[in-house]
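Got the model open in your viewer? Let's walk through it one selection at a time.

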Amino acid sequence: MTAPVPLLSVENLTITYASDAGPVQALRAAHLTARAGEVIGIVGESGCGKSTLASALINLLAANARVTSGAVRLRGQDILTLPEDAKRAIRGRHIAMVFQDPMTSFNPVLPLGAQLTDFQHHLPQTRAEKRTRARAMLARVGIPDPDLVLTRFIHELSGGMRQRAAIAAALLMTPDVLVADEPTTALDVTMEAQIIHLLRALRADHQGTILIVTHHLGVIGELCDRVYVMYAGQVVEEATVDDLYHAPRHPYTRALIACDPAHLETHTPVLPTIPGHLPDLTAPPPGCSFANRCPLVTSRCHTAPPPWVRLSDTQAALCHEVAP
Ligand SMILES: Nc1ncnc2c1ncn2[C@@H]1O[C@H](COP(=O)(O)OP(=O)(O)O)[C@@H](O)[C@H]1O
Ligand code: SF4
Ligand SMILES: [Mg+2]
């Protein structure tokens, strides 16, 4: 029996950025799959390629980016090779994004009501009905006075309310895939908790897939079913959230978990970080990208690219030293 086509799949996706120092290899043969109803986490330190992957999903790559190989498939159709107008039709309507900076989602000089109505351009309802729907969605995301907020400009809202409004805007487009790139990173701890609570509540309403991009493991644990761990532009581990916390296999994943404040035995004044740095992505090492920081490194790790080793139906890792 053949497996059903996943809602979203990324295959062998390689993206470089032109720079003065040469092409930055921001994404190298990245891959993931997401089925309808799943909430997927993408986690890794800053600079690992998470936002590049997220931007590729909504076809909004920087002008100096180049896709050198691979595909992003929505229900099996490669959306990177579509003509520009077809790409635009997919953006928002089928795949919508919530950015770290919610201002990105809005026009600063238009009141929110007009924009939230426009975001529903694909729906058959009248403008008045769309405004009613916008008001209901603002209430759904926990905005206390939706009627007032519809008349406001985005800069008149607080940070937490802006992010709620951006989530409402994305949901009004009824996307199959909702991508949230560091949706809580710019918020204080209280606001972060509230937005996580909101996203958790929305999980139940959303029939499609939610992808949460974060450098914060706690967010993954709170929200996700499965996770892809990224390092230096590569997916280095795929796991369920349970395996991520209780049976991580890739040495990088293990190091991330060991640094997670939730896993520390005692409170230290300074949070531990993984010693060492990401490699230079204009000249990634020929072997494993994590070799210069890995406690399990052997000589072949410096010379041979590690294999993608399937450990179970739900877990796999890019490493010479793991075995099923
Ligand atoms: N427009 C750009 N031009 C050049 N390099 C970029 C650009 N955007 C991102 N990069 C580089 O690509 C790599 C991956 O970045 P990014 O996808 O933003 O990672 P993350 O979201 O995980 O922090 C980093 O080395 C970053 O400096
Ligand atoms: S391939 Fe080698 S260096 Fe890379 S993570 Fe595995 S053991 Fe460590
Ligand atoms: Mg980012």
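Begin with the lining of the second largest pocket, which divides into 11 nonpolar, five polar and four charged residues. Keep in mind that this is a predicted model. The pocket has a volume of about 370 Å³. To put yourself in the middle of it, select Arg 91, Gly 92, Ser 105, Phe 119 and Met 173, the closest to its centre of the 20 lining residues. Now add strand S6 (95-98) and helix H6: each supplies at least two residues of that lining.

Next, colour by domain. Domain 1 takes in 8-94 + 175-318, and domain 2 covers 102-174. With the colours on, go back to the pocket: its lining draws at least three residues from each of the two domains. The C-alpha centres of domain 1 and domain 2 lie 29 Å apart. Where they meet, 16 residues of domain 1 are in contact with 12 residues of domain 2.

Time to look inside. Which residues touch the most other members of the largest nonpolar core? Select Leu 8, Leu 116 and Leu 211; those three do, in a core of 98 residues. Helix H6, residues 159-172, gives the most to this core, with eight residues. As with the pocket lining, both domains take part, with at least three core residues drawn from each of them.

Zoom in on Leu 116. Leaving out residues up to four places away in sequence, Leu 116 touches Phe 106, Ala 134, Leu 138, Leu 150, Ala 165, Ala 169 and Leu 172. Apart from the largest core there is another one, of five residues; Val 309, Ala 317, Cys 319 and Val 322 are among them.

Cys 319 makes a handy stepping stone to the cavities. How many of 30 Å³ or more does a search of the whole structure find? There are two. The largest has a volume of about 90 Å³. Select Cys 288, Cys 294, Cys 301, Cys 319 and His 320: of the 13 residues that line this cavity, these are the closest to its centre. By class, its lining splits into 10 nonpolar, two polar and one charged.

Leave Cys 288 selected for the last stop, since it also lines the second largest cavity, which has a volume of about 50 Å³. Add Tyr 231, Gln 234, Val 236, His 250, Ser 289, Phe 290, Pro 306 and Leu 318 to complete that lining. Here you'll find six nonpolar residues, three polar ones and no charged ones.

Notes
Residues numbered from 1 in each chain as written. Chains lettered and ligands numbered in written order. Predicted model: local features only at pLDDT ≥ 70, side-chain atom pairs only at ≥ 80, totals over all residues. Heavy atoms only, no water. Core = buried A, V, L, I, M, F, W, Y, C linked by side-chain atoms within 4.5 Å. Buried < 20%, exposed > 50% of the residue type's maximum accessible area, 1.4 Å probe, protein only. Helix = DSSP H or I, 4+ residues; strand = E, 2+ residues; numbered from the N terminus. Domains from an automatic or database assignment. Contact = heavy atoms within 4.5 Å. 1 Å grid on protein atoms, 1.4 Å probe; cavity = no way out; pocket = protein on both sides within 12 Å on 5 of 7 lines; lining within 4 Å. Points joined across faces, edges and corners; volume = space filled by probe spheres on them. Nonpolar A, V, L, I, M, F, W, Y, C, P; charged D, E, K, R; others polar.
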